[in-house]
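Student: Please take a close look at one part of this protein. I would like the contact between its domains, in one connected answer.

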Amino acid sequence: MKHRIVVLGAGYAGAYVAGNLARRLSPKDTEITVVNAAPDFVQRMRLHQLAAGRDIEAPRLAEVFAGTEVRLRLARVTAVDPERQVVAMADTGGVPGGVPGGGGELGYDTLVYALGSRGNVEGLPGAAEHAFDVAARPSALRLRERLDSLDRSGRGGNVVVVGDGLTGIEAATEIAESRPGLSVALIARGELGARLSAGARDHLRRACDRLGVTVLEHTSVGAVEATRVLCADGTALASDATVWTAGFAISPIAAAGGLAVTGTGQIVVDRTMRSVSHPNVYAVGDSVHAIGDNGRPLPMSCASAGYTGRQAIEAIVGRLTGRTIPNTKLVYTYNHISLGRRDGILQLVDGEGRAKPKYQGGWQPSRVKAGILRMALWATSHPTYGLPKRRHRLAAAPEMTAAKALA
């Protein structure tokens with residue numbers, strides 16, 4: 001019997017891990033299945049651009065994994081039972097582009113948990129009902145439709161972006177540049193760009209001024225209504241489209257299944273991305289609480305997805321084939337922020353995660369980030385590029401148990 005590897009989620013982290021495992025492990029001994037609710041690969045780093053009006057590629061996952069010997073299961077994960085080593089699924093009939101009939105249970109010997117994160121609108125009155133987010137393709141498309149309707153009306157409109165993290169900054173500047181007929185405001189809980197160096201903050205302010213983005217600093221939001229945002233100090237801001245970027249939440253599935261998690265729901269792992277409570281479960285991307293080489297938790301980011309994914313690949317391949325497991329880099333070295341299509345900021349950070357004085361701003365970091373996005377899409381669309389003619393066999397007989405394989 002083949003060793004069953006199941007990867008939950010086909011975002012940047014999940015698709016990368018599945019493709020590389022297929023590239024390095026022999027199909028004679030292993031069976032790799034990817035479970036994903038949507039039939040397309042979502043370029044999450046570009047969803048703010050999709051919402052603003054750009055056309056963003058969304059490769060079909062069936063085509064991405066064609067010829068790789070990776071099995072694709074279109075289904076929504078509803079539960080994980082690490083004691084029985086099964087995943088419960090529901091069909092995707094209610095998901096845009098989903099295919100009914102994907103429910104049931106799927107057993108595994110090794111599980112890679114890469115379900116990522118979603119926009120967190122819980123806890124604030126009215127946010128779930130009235131705010132848009134750019135953390136998923138369906139919600140980004142709903143925001144796009146709303147912005148289109150405002151443009152078509154010819155009367156303009158007010159867009160309020162809540163949250164001045166990297167997602168909020170990119171969303172506000174992209175919408176302002178792409179939709180010049182709309183008024184865009186950005187609400188910052190503290191100082192705008194507080195995590196950036198002084199020079200980068202100045203560059204960000206100049207970009208907001210150039211694009212006509214109104215910035216409200218040291219402002220907290222108390223509630224979201226259909227046509228306005230209510231601030232904690234009693235101020236009311238007219239809003240025809242409120243964009244919520246003030247936080248991300250982790251799916252409760254891992255915690256509900258009994259995996260050791262943090263208070264935020266991220267899976268607690270050792271240095272090799274293996275769950276500290278269930279050794280045949282690995283976590284990567286936004287779903288994992290991974291301690292970087294600087295002793296601090298890695299932030300949720302595409303870069304972190306790559307680093308945690310690479311370490312998980314080495315660990316899984318090493319344990320299954322009896323090879324030494326190297327410690328790959330787990331670092332956080334910069335923030336790369338796009339400010340519309342022709343401007344951006346590259347901010348280096350030190351070993352403590354603090355901004356270094358030096359930064360780069362302007363068209364060059366914008367073009368570099370665009371190149372990174374193209375490379376990420378290409379790599380995901382070619383998950384087994386460079387497939388070797390001879391892949392690694394497992395260290396024991398194919399019918400071995402998961403306990404023997406991962407001891």
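Tutor: Here is the contact between the two domains, with its area and its polar links. This is a predicted model, in which local features need pLDDT of at least 70 and side-chain atom pairs count only at pLDDT 80 or more, while totals for chains, interfaces and linings use all residues. Residues are numbered from 1 along each chain as its sequence is written, and side-chain values use heavy atoms, with hydrogens and water left out.

Domain 1 covers 3–118 + 248–332, and domain 2 covers 122–244. These bounds come from an automatic or database domain assignment. The C-alpha centres of domain 1 and domain 2 are 31 Å apart. Domain 1 brings 16 residues to the contact and domain 2 brings 18. Contact here means heavy atoms within 4.5 Å.

Together the domains bury about 1500 Å². That is the accessible area (1.4 Å probe) that two parts lose on being put together, summed over both. Carbon and sulfur atoms hold 58% of it. On the domain 1 side, His48, Ala51 and Ala52 supply 38% of the area buried against domain 2. No other three residues there supply more.

Now the polar links. Between domain 1 and domain 2 there are 2 salt bridges. The term means a side-chain nitrogen of Lys or Arg within 4 Å of a carboxyl oxygen of Asp or Glu. Arg54 forms a salt bridge with Glu174; their closest N and O atoms are 2.9 Å apart.
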